[in-house]
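Colleague: Could you take me carefully through the nonpolar core of this model, and then through the bonds and charged pairs that go with it? I would like one connected account that I can follow with the structure open beside me.

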Amino acid sequence: MRTPFAATAAVVLLATAAQADPLEGTWQTEPDDGAYAHVEIAPCGANFCGTIERTFKDGAEYTSPNQGKTLVIDMAPKGDGNYQGKVWRPSNDKIYLGKISLTGDSMRLSGCVAGGLICSKQTWARLK
């Protein structure tokens with residue numbers, strides 16, 4: 001026989017599991033070498049990855065060889081809207097230590113070298 005507490009606890013656990021992480025969704029990158037992208041961030045295992053869905057150059061959509069590639073790699077939640085993982089920069093085909101700081105519909109993404117001493121940053125905007 002189930003107790004009311006057990007039934008309530010089960011409902012709360014299911015509801016919590018169904019909630020999406022605030023990082024999930026479609027984000028627009030800042031222009032890099034004149035091009036920008038729409039990146040879909042979704043769970044990948046216990047963390048989050050971002051795949052290039054659409055690409056634009058000079059405001060016009062075009063088919064880039066980077067579409068479908070993973071740009072945000074294995075970002076692990078660290079609490080308070082912060083994430084750590086890796087980022088790939090298509091313009092130089094390098095992977096960097098990555099950090100995300102999320103505030104509402106704005107994401108500050110940085111790719112760093114030298115243990116985080118030298119970083120390049122972008123601010124992405126949520127599309128949906």
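Modeller: In this predicted model, the largest nonpolar core is made up of 19 residues, and those with the most contacts inside it are L23, I41, M75, I100, M107 and W124. At least two residues of this core come from each of strand 2 (35-44), strand 3 (47-57), strand 5 (70-79), strand 6 (82-89), strand 7 (94-103) and strand 8 (106-113).

W124 is a useful residue to follow from here. Once its neighbours within four places in sequence are set aside, W124 is in contact with W27, Q28, T29, E30, V39, I41, L71, V72, D105, S106, M107 and L109. Two of these partners, I41 and M107, are themselves listed with W124 among the core residues with the most contacts.

Another partner of W124, D105, leads to the charged pairs. The side chains of D105 and R126 meet in a salt bridge, with a distance of 2.6 Å from N to O. This pair links distant parts of the chain, since D105 lies in the loop between strand 7 and strand 8 while R126 belongs to strand 9 (residues 118-126), the two being 21 residues apart. R126 has a relative accessible area of 22%, and is therefore partly exposed. The structure holds 2 salt bridges, and the other one joins R54 to E61, whose closest N and O atoms are 2.6 Å apart. In that pair R54 counts as partly exposed because its relative accessibility is 37%, and E61, with a relative accessible area of 45%, is partly exposed as well.

The covalent links remain, and a search of the whole structure finds 2 disulfides. With the bonded cysteines of the chain numbered in sequence order, the pairing reads 1-2, 3-4. One disulfide joins C44 to C49, with an S to S distance of 2.1 Å, and because the torsion about its S-S bond is about 70°, this disulfide is right-handed. Its two ends fall on either side of the 20% limit for a buried residue: C44 counts as partly exposed at 24% relative accessibility, whereas C49, at 17%, counts as buried.

C112 and C119 form the other disulfide, their sulfur atoms lying 2.1 Å apart. The torsion about the S-S bond of C112 and C119 is about 105°, so this disulfide is also right-handed. Here C112 is buried, with a relative accessible area of 5%, while C119 counts as partly exposed at 35% relative accessibility.

Notes: Residues numbered from 1 in each chain as written. Predicted model: local features only at pLDDT ≥ 70, side-chain atom pairs only at ≥ 80, totals over all residues. Heavy atoms only, no water. Disulfide = S-S within 2.5 Å. Buried < 20%, exposed > 50% of the residue type's maximum accessible area, 1.4 Å probe, protein only. Core = buried A, V, L, I, M, F, W, Y, C linked by side-chain atoms within 4.5 Å. Helix = DSSP H or I, 4+ residues; strand = E, 2+ residues; numbered from the N terminus. Contact = heavy atoms within 4.5 Å. Salt bridge = Lys/Arg side-chain N within 4 Å of Asp/Glu carboxyl O.
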